[in-house]
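Hello,

Here is the structure I promised to send you. Have a look at it first, and then read on for what I found in it.

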Amino acid sequence: MKEVLIIGGSGFVGSAIVKEALSRGYKVKTIVRHPEKVSLSDPHLEVIGADIMDTEELTGILKYQLQVISAYNPGWKNPDIYEDTLKGYTSILEAVRRAGVKRLLVVGGAGSLLVSPTVRLMDTGTIPEEILPGVKSLAKVYTDYLRPEKEFDWVFFSPAGSFTQGTRTGNYRLGEDYLIKDEKGESHISVEDYAMAMIDELEKPQHHYRRFTVGY
């Protein structure tokens, strides 16, 4: 049976990725801080309670995993989201290196996507002020933590500008550094189609050592 380990499988994005992987016949392990928050029950799902800030513990869990998906997010209402995102990813990346993981797929943000050759989405003034710290921290994970990384293969997968619960249409378009917009000029993707695209990338890797994005 195919296997995948997902960090943060109890969150908005992580839970959708867990469901998508299970639906495709994967045996899924997910690391969460609060196992009681995982309501999904499946014989092929193993929920592991752990603190990802504990690099040594995380390293032990990640050993023998070839590919890992990280949907880590310390919580959009967390007043320390900027610092905790950076601390969390410092621990995750170090554990990935120590454990010998070959490939890391990161659930990224849309804020660092370009809307013009010199302007990022997060610089346009259209992102609500209350979520900017989390947006900026994820952008820093991409630019300062992942882009210099050469020890393991990685991708930073940015969603569209509007990222909501919806339906799994089975349709999407991929891009690289620019925000994807539809014929109406809107940038949107459902979390279900994002999860589908993530597992598609897991199964048939098309991107290496780079960011890519998705939209309709």
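A salt bridge here is a side-chain nitrogen of Lys or Arg within 4 Å of a carboxyl oxygen of Asp or Glu. Please keep in mind that this is a predicted model.

Let's begin with a pair inside one helix. E94 and R97 form a salt bridge, and their closest N and O atoms are 3.0 Å apart, within the 4 Å cut-off. Both residues belong to helix α3 (residues 81-99), where they sit three residues apart, about one turn of the helix. Are they buried or exposed? E94 is partly exposed, with a relative accessible area of 28%, and R97 also counts as partly exposed, at 27% relative accessibility.

How many salt bridges are there by this rule? The count comes to 15. Side chains of opposite charge can pair when their charged atoms come close.

Another of these pairs is R210 with D177, whose closest N and O atoms are 3.5 Å apart. This salt bridge links distant parts of the chain: R210 is in strand β12 (residues 210-215), while D177 is in the loop between β10 (173-175) and β11 (188-190), 33 residues apart. R210 is partly exposed, with a relative accessible area of 24%, and D177 is partly exposed as well, at 26%.

Now for a buried pair. E20 forms a salt bridge with R24, with 2.8 Å between the closest N and O atoms. Both E20 and R24 are buried. Which residues share a network of salt bridges with them? The network links K2, R168, D200 and E203 with E20 and R24.

E20 also takes part in a contact between two helices, so let's turn to that. The axes of helix α1 (residues 12-23) and helix α5 (residues 191-203) come within 8 Å and cross at roughly 60°. The two helices are therefore oblique to each other, and α1 passes α5 in a right-handed crossing. On the α1 side, the residues in contact are F12, V13, A16, I17, E20 and A21. On the α5 side, they are V191, Y194, A195, M196, M198 and I199. What kinds of residues make up this contact? They divide into eleven nonpolar, no polar and one charged.

If you open the model, try finding E20 in α1, where it meets α5, and then look for its salt-bridge partner R24.

Best wishes

Technical notes:
Residues numbered from 1 in each chain as written. Predicted model: local features only at pLDDT ≥ 70, side-chain atom pairs only at ≥ 80, totals over all residues. Heavy atoms only, no water. Axes fitted to C-alpha atoms, helices over the stretch in contact; angles between N-to-C directions. Helix = DSSP H or I, 4+ residues; strand = E, 2+ residues; numbered from the N terminus. Parallel < 35°, antiparallel > 145°, perpendicular 65-115°, else oblique. Left-handed = near helix turned anticlockwise from the far one by under 90°. Contact = heavy atoms within 4.5 Å. Nonpolar A, V, L, I, M, F, W, Y, C, P; charged D, E, K, R; others polar. Buried < 20%, exposed > 50% of the residue type's maximum accessible area, 1.4 Å probe, protein only.
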